[in-house]
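Q: Please take a close look at the charged side chains of this model and at how they pair or stay unpaired. I should then like the answer to turn to the backbone and to the annotated spans, so that the charges can be read in context.

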Amino acid sequence: MSIKADFQLDAKGLACPMPIVKTKKAMAELVDGQVLEVAATDKGSKADIAAWAETVGHQYIGTTEEDAVLKHYIRKCADDTVVEKTFEQTIDLGEIVGRDGLILDVREEAEFAFGHIEGAKSIPMGELPTRMAELDKAQEIYVICRTGKRSDLAAQKLAANGFTKVFNILPGMTAWTDELKKSI
Amino acid sequence: MSVQQWSAADVAKKVINNDDLFILDVRNNDAFEDWKIEGHKFEYLNIPYFELLDGVEEILPKIPTDKDVLVVCAKEGSSLMVAEMLADAGRPVGYLAGGMKTWSEYLEPIKVGDLTGGGELYQFVRLGKGCLSYMVISEGEAAIIDAVRFTEIFTKFAEEKNVEIKHVFDTHLHADHISGGRHIAAETGAIYYLPPKDAEEVVFDYTSLVDGTAVQIGASKIDVGALYSPGHTIGSTSFVVDSKYLLTGDILFIDSIGRPDLAGLAEDWVGDLRETLYERYRELSEDLIVLPAHFMIIDELNEDGTVAKRLGELFAENHGLNIEDEAKFRSIVTHNLPPQPNAYQEIRQVNMGKITPAQEEQTEMEIGPNRCAVR
């Protein structure tokens, strides 16, 4: 299955340090929240991309491998970890298990693919305005993202469109320690 | 200022001569923590290359100007980049050609000693990986024990010494590195021996190596005699060479002992390990010089670069030979073991002949330290 990314970088056949040098350049062109896919054949690039992303504060989402081609997914972050709560109806991450409702995951498709809560529905934040029809207003909707920031905005958007049973899950997937479902 | 290219042999010389060297390792922190170039008098700085993409100014104060500086990475590309940046900043530095990959493969042949009637015993020290291979030479013939996969180094060495390789042994089925034994045998027409208890799953022909198997190298009196010594694996076999040297394989090292778990049967084999170390070896002469198949830390190297020590000294100093209580011994060698060697299960498959990965893949599999010991 292919994973959606905003930009693709082809670093196949390049030896270290070039995959990282090119990734660094490409990331500079992205805006916050966008996802870059880096295709590389240098096996060492996996550990290095992850470590590099951490040092500069980007989010390393994951890597797939197919036919000796590695595909790394990185999301550009600025200050994603700062949670500004504005949406009032929140629910603790620990309380959603076993509740009758829909977990709506508004992270990017690539993030969702590398690990989400079983049963969660994926609608990336950017697609929410055009895909609201897929949601049921009568159902409780628990919105989740990585840290609680994007889900907060999504919850506000839903509320503005007449959804009343909306909760923002705090904290986000970063605090989820149970099993992760993958779709890669 | 230009950048100097260093070969693995240049670095090996620094290790063996106990020279000073400052290593700027630009791999990521995990890789460095896991495995690095070890030297008695080496100093290190680990800054991943990707933190230096915008320049090296910040680290300049940490780079000494009064000793050799070598930049090292996994393959060489990043170290060359960083070395050039340092050179542009006016620092005379070198980089390691081929990086840690080449370092992992480098072998340095060192003479251990003379044998009866003009024979010689050589130890091939694979500094980067801690593997030790041996060649016994006498009167135009040679035997090789625990050869690593770079067969050409052994066949070329034999050519230089003008000897014919007649016997090739593996003390056991290795789990940390890929054996070159059967390939050397196939190339030279030598006989390849493997302990049958380790060879139940192998898919090639071999000659059984059992307790008491003895071969003569050359016409005179150099005996290579096998001594069954299970524990690291169930087939592990030691050799006594010329009544002077004890090749212990992965059972006994200079500063540690073999771990019994790499074939998945720690609980079953710990008793064998105990018996080998505390009974069979005790019956041998304490004047035998122990020559193991590995070293783990640089302190195990002697002044001349060899890894060798009198058995009597090991009985006195090696922690693993001095655990009186059997239950304590059992617990030490089956619990809290260090992580297993990289790709050890696949490496066993290769050594059984079940899979034959490409050279590049074999290199990847052997990356990292050997980790065959428990201390």
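A: The account below begins with the salt bridges, continues with a surface patch, and ends with the backbone and the annotated spans. The coordinates belong to a predicted model, and every value below is computed from it.

Side chains of opposite charge can pair when their charged atoms come close. Here a pair is accepted when a side-chain nitrogen of Lys or Arg lies within 4 Å of a carboxyl oxygen of Asp or Glu. With that rule, 29 salt bridges are found over all chains.

In chain B, B:Lys111 is paired with B:Asp114, and the closest N and O atoms of this salt bridge are 2.8 Å apart. B:Lys111 is partly exposed, since its relative accessible area is 33%. Its partner B:Asp114 is likewise classed as partly exposed, at 45% relative accessibility.

A further salt bridge in chain B links B:Lys161 to B:Glu120, with 4.0 Å between the closest N and O atoms. B:Lys161 sits in the loop between H5 and strand E10 (164–169), while B:Glu120 belongs to strand E7 (residues 119–126), so this salt bridge ties together parts of chain B that are 41 residues apart in sequence. The relative accessible area of B:Lys161 is 32%, which makes this residue partly exposed. B:Glu120 has 16% relative accessibility and therefore counts as buried.

In chain A, salt bridges with shared partners connect A:Lys4, A:Lys121, A:Glu127, A:Arg131 and A:Glu134 into one network. One of its links is the salt bridge between the side chains of A:Glu127 and A:Arg131, at 2.6 Å from N to O. Is A:Glu127 buried or exposed? A:Glu127 is buried, because its relative accessible area of 18% falls under the 20% cut-off.

Charges without a salt bridge are the next topic. On the surface, B:Glu275, B:Glu279, B:Glu283, B:Glu324, B:Asp325 and B:Glu326 form a patch of negative charge. Membership in such a patch requires over 30% relative accessible area and no salt bridge. Within this group, B:Glu324 is located in the loop that runs from helix H8 (311–317) to helix H9 (326–334) of chain B. Its relative accessibility is 67%, so B:Glu324 counts as exposed.

The backbone supplies the setting. Most residues other than glycine have a negative phi, and most peptide bonds are trans. B:Asp146 has a positive phi of about 55°, although it is not a glycine. This residue occupies the loop between strand E9 (141–145) and helix H5 (151–160) of chain B, and with 2% relative accessibility it counts as buried. B:Ala343, not a glycine either, has a positive phi near 50°. It is placed in the loop between H9 and helix H10 (344–351) of chain B, and a relative accessible area of 22% makes it partly exposed.

In chain A, the bond joining A:Cys16 and A:Pro17 is a cis peptide bond with omega of about 10°. A:Pro17 lies in the loop between strand E1 (7–11) and helix H1 (18–29). The peptide bond from A:Leu170 to A:Pro171 is cis as well, with omega near -15°. A:Pro171 belongs to the segment after strand E9 (166–170) of chain A.

Distances between C-alpha atoms add to the picture of chain B. B:Thr207 is part of strand E12 (residues 207–208) and counts as partly exposed at 32% relative accessibility. From B:Thr207 to B:Ile145 the separation is 62 residues in sequence and 14 Å in space, C-alpha to C-alpha. B:Ile251 is in the loop between strand E16 (245–249) and strand E17 (257–258), and it counts as buried because its relative accessibility is 0%. B:Ile251 and B:Ala214 are separated by 37 residues in sequence and by 20 Å between their C-alpha atoms.

Finally, the annotated spans come from UniProt. An unreviewed entry gives "domain: Rhodanese" at residues 97–181 of chain A. This span is 25% helix and 18% strand, with its end C-alpha atoms 15 Å apart. For chain B, the feature "domain: Rhodanese" is placed by an unreviewed UniProt entry at residues 17–111. That span of chain B is 26% helix and 22% strand, and 15 Å separates its end C-alpha atoms.

Note on methods. Residues numbered from 1 in each chain as written. Chains lettered and ligands numbered in written order. Predicted model: local features only at pLDDT ≥ 70, side-chain atom pairs only at ≥ 80, totals over all residues. Heavy atoms only, no water. Patch = residues over 30% accessible without salt bridge, like charges linked within 9 Å, V, L, I, M, F, W, Y side chains within 5 Å. Areas by Shrake-Rupley, 256 points an atom, 1.4 Å probe, with all protein chains shown as cover. Lys, Arg positive; Asp, Glu negative; His and termini not counted. Charge placed at Lys NZ, Arg CZ, Asp CG, Glu CD. Helix = DSSP H or I, 4+ residues; strand = E, 2+ residues; numbered from the N terminus. Buried < 20%, exposed > 50% of the residue type's maximum accessible area, 1.4 Å probe, protein only. UniProt positions renumbered as here; feature names shortened; annotations may be inferred.
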